[in-house]
Amino acid sequence: MTSSIMAPPLLDVRDLRTEFTRGKRKVLAVDGVSFSLGVGEVLGVVGESGSGKSVTMLSLMGLERPTGGSVRFDGEELLDLDEAGMRRIRGNRIGMIFQDPMKSLNPVLTVGRQLMEPLRVHRQLDRRAARKRAVELLAMVGIPGAALRVDDYPHQFSGGMRQRVMIAMALSCEPAVLIADEPTTALDVTVQAQILELIGSMQRELGMAVIIVSHDLGVVAGMADRICVMYGGRVVESGRVEDVYALPSHPYTRGLLGSIPRVEVERGSRLEAIPGSPPDLTRLPSGCAFRDRCRFATGTCALEAPPLVDVPGGGGGHSAACVLDVTPEAWRARTTTAEVA
Amino acid sequence: MGAYVVRRLVAVIPIMLGVALIAFLLLHLAPGDPISLLVSNFDQGAPPDLVNQLRERYGLNDPLWLQYVHYVWDAVRGDLGTSIFTGRPVTQMILDAAPYTAALAGASIVIAVVLGVTLGVVAAVRRGTWWDNASIGVSLFGLSIPQFWFGMMAVLIFAVNLHWFPSSGSGSFSHLVLPALVLGISASAAIARLTRSAMLEVLGEQYIVTARAKGLREVTIISGHALKNAFIPVLTLIGLQFGRLLGGTVIMETIFNRQGLGTLMLTSITRSDFPLLQGTLMVVAAVYVLLNIAVDVSYAWFDPRVRL
Ligand SMILES: Nc1ncnc2c1ncn2[C@@H]1O[C@H](COP(=O)(O)OP(=O)(O)O)[C@@H](O)[C@H]1O
Ligand SMILES: [Mg+2]
């Protein structure tokens, strides 16, 4: 991975902002999000529901209108592209799959027809060639009897099979990046593992980069090279998975880790769920958005949203956005006092 | 699918028997005797034996149930009786008039669907813009203006004043234009409103985001992905509109002095021509029932989740 330090990243998102107006209120769903993704790299994006993960992904695809920032993909600034330019990227260079496979496929069109569309639009394949490729793709993602099922409608498939169809569709033009937004959240537990396995094997086979989004740290931890933790529309911690696991530095990340059983955090710290409810963007506290749920919040936290800074003693590229002293020693001291209290 | 259609068609039989019975009873219980009307031009009243002879000829002396059985049996063989007023076979009179009504109803429904769906889609896609307001305006106009008034205004403006189209008659294509436009525009209003709301709902669906994420053009997404979904509820409405449309043809035929089933029905009422009235009622009812079956069958074509 030394080469990726030198080469410019495949996808570089800088200070992305997306704003909605709800009534008269302005809602900053994405508030200065930055991350980058190298060729063939897997990035996990984690955070409770409502933290702005989906809007971030839709914004970089141009499916929501970002109000600012920059999205450089393969040397091109996506936010400067017009609709036609973005269409050339979507489904072709960047594929995307979504949370609910029951709702993501058009109920009145056959899966074959839906699979053929990107091939016909981006690859200019004729009907026969596209159909042949559609069957191959269905077989590739593990749909039994692909040649017969290509003319079936979505309702004739189970949830897991529909997510496989979605994956086949997103991968049909062999994109450089696959964005998987909560790809397993709506599925049965047994099926979840199979879908993650499929995404992993496709990633290795096609050598593509993947952004896997989940509210569940456990889902992304096994797959991702690096993770980004989001809260209230901002990235609050990011780094290589090992580093973040070894030294979770933002209280929110520690909370997320605490809510996963079986994960060893720091000796002496107890397993804890995060108290309070997921953030409501219309009434975020001033300063750090997490401070109203944070056990360690102080007066300074209300002043301004802390920027992402390198974690002292963390691995390269490990950063957190917290005013606290996030060194291991400081955390050890804090957790033991909390234990005593 | 085939079995479904057969089942629905078989169910038409009791429906038509019921329609025949109701029409039959209503007409025989209603005041006004066709025979006395027929002989009313006798100055000092008709000779009783002539009346009786005529009653015998039209089978009016038989018990009611026997008249009904005769009627149904003849109808099954395509004989709807003889018009009392003209003396011509009712079936023939209906066959002569039906093409005019079919042309009017067919042209109107095509106009209604094309115009309604187009307005609805444009309004939904351009929501909140001038286009949206304009199309809502047009459909409010269509919903609130009575057809007869709309029809008379059309005659006044485009036939009497501008001479663009003939004001009455039914011979040619130009005779069809005005009544078909009036009926079609008036029926398009409800279709436009429903299309707009169905389209707005569909455009918010996740599979539309999927289609965009594939890099499809917005035009393809609207016509290829959204419209086929949005059309499903509209189809129900179109089925319901047929009824209103058939009623509307009666009004248009009167205003534009057109030939057709409506005219036939109205004259048969004023002349107490029972066999003719009953025959037209039967035919109109049968058409309505069959059209609704056609609508139900077409669901399966638009929505693969519907199993027939
Ligand atoms: N189209 C929209 N209009 C207004 N607010 C929206 C819209 N889409 C998302 N939001 C808001 O943006 C916030 C972030 O949403 P989202 O990105 O879906 O969260 P996540 O994917 O992390 O669960 C939520 O508060 C949501 O209500
Ligand atoms: Mg989401």
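**View 1. A:Glu77 is a buried partner in a salt bridge.** In this predicted model, A:Glu77 has a relative accessible area of 14%. That value makes A:Glu77 buried, because the cut-off for buried is under 20%. The side chain of A:Glu77 meets that of A:Arg72 in a salt bridge. The distance from N to O is 3.9 Å. A:Arg72 is partly exposed, at 38% relative accessibility. This pair therefore joins a buried residue, A:Glu77, to a partly exposed one, A:Arg72.

**View 2. A:Asp151 and A:Arg131 form a salt bridge.** Their side chains meet at 2.9 Å, N to O. The pair links distant parts of the chain, 20 residues apart. A:Asp151 sits in the loop between α7 (146-149) and α8 of chain A. A:Arg131 belongs to helix α6 (residues 127-140) of chain A. Both partners are partly exposed: A:Asp151 has a relative accessible area of 41%, and A:Arg131 has 33% relative accessibility.

**View 3. A:Glu174 and A:Arg133 also pair across the sequence.** Their side chains meet in a salt bridge of 3.7 Å, N to O. A:Glu174 lies in the loop between α8 and β7 (177-181) of chain A, and A:Arg133 lies in helix α6 of chain A, so the salt bridge ties together parts 41 residues apart in sequence. A:Arg133 is partly exposed, with a relative accessible area of 22%.

**View 4. Four charged residues of chain A share a network.** A:Asp15, A:Arg17, A:Asp31 and A:Arg234 are linked by salt bridges. Side chains of opposite charge can pair when their charged atoms come close. Over all chains, the count comes to 27 salt bridges.

**View 5. A:Ser214 is a buried residue in a strand.** A:Ser214 is part of strand β8 (residues 209-214) of chain A. Its relative accessibility is 2%, so A:Ser214 counts as buried. A polar atom of the A:Ser214 side chain lies 2.8 Å from the backbone nitrogen of A:Asp216. Leaving aside residues up to four places away in sequence, A:Ser214 touches A:Val45, A:Val46 and A:Gly47. A:Lys53, A:Glu182, A:Val219 and A:Val220 are touched as well.

**View 6. Chain A and chain B meet in an interface.** The size of an interface is often given as the accessible area lost when the parts come together. Here the two chains bury about 1900 Å² between them. Carbon and sulfur atoms account for 62% of that area. In chain A, A:Arg87, A:Pro107 and A:Val108 lose the most area to chain B. Together they make up 29% of what that side buries. Chain A brings 26 residues to the contact, and chain B brings 19 residues.

**View 7. One salt bridge and several polar contacts cross the interface.** The count between chain A and chain B is 1 salt bridge. A:Glu117 and B:Lys214 meet through their side chains in a salt bridge, 2.7 Å from N to O. The count of residue pairs in polar contact between the two chains is 10, with both residues at pLDDT 80 or more. On the side of chain A that touches chain B, four elements each supply at least two residues: β6 (94-97), α4 (101-104), α5 (111-122) and α8 (159-171). The largest share, 6 residues, comes from α5(A).

**View 8. Chain B is built with helices.** Its secondary structure comes to 12 helices and 0 strands. Along its principal axes, the C-alpha trace of chain B spans about 85 × 55 × 30 Å. Of the 308 residues in chain B, 42% are buried. Among contacts in chain B with a separation of 6 or more, 72% join residues 24 or more positions apart. Chain B exposes about 15400 Å², and carbon and sulfur atoms supply 69% of this area.

**View 9. Five residues of chain B make a nonpolar surface patch.** The patch covers about 480 Å². Its members are B:Leu156, B:Ile157, B:Val160, B:Leu162 and B:Trp164. B:Leu162 is found in the loop between α7 (147-161) and α8 (173-203) of chain B. B:Leu162 is partly exposed, with a relative accessible area of 40%. Patch members need over 30% relative accessible area, so the value for B:Leu162 meets that cut-off.

How values were computed: Residues are numbered from 1 along each chain as its sequence is written. Chains are lettered from A and ligands numbered from 1 in the order in which they are written. This is a predicted model: local features need pLDDT of at least 70, side-chain atom pairs count only at pLDDT 80 or more; totals for chains, interfaces and linings use all residues. Side-chain values use heavy atoms; hydrogens and water are left out. Patches are made of residues with over 30% relative accessible area and no salt bridge: like charges are joined within 9 Å, nonpolar side chains (Val, Leu, Ile, Met, Phe, Trp, Tyr) within 5 Å. Accessible areas come from the Shrake-Rupley method with a 1.4 Å probe; for residues, only the protein chains shown count as cover. Buried means under 20% relative accessible area, exposed over 50%, partly exposed in between (1.4 Å probe, protein chains only). Contact means heavy atoms within 4.5 Å. Buried area is the accessible area (1.4 Å probe) that two parts lose on being put together, summed over both. A polar contact is a pair of N or O atoms within 3.5 Å; within protein, one must be able to donate a hydrogen and the other to accept it, and residues adjacent in sequence count only if both atoms are side-chain atoms.
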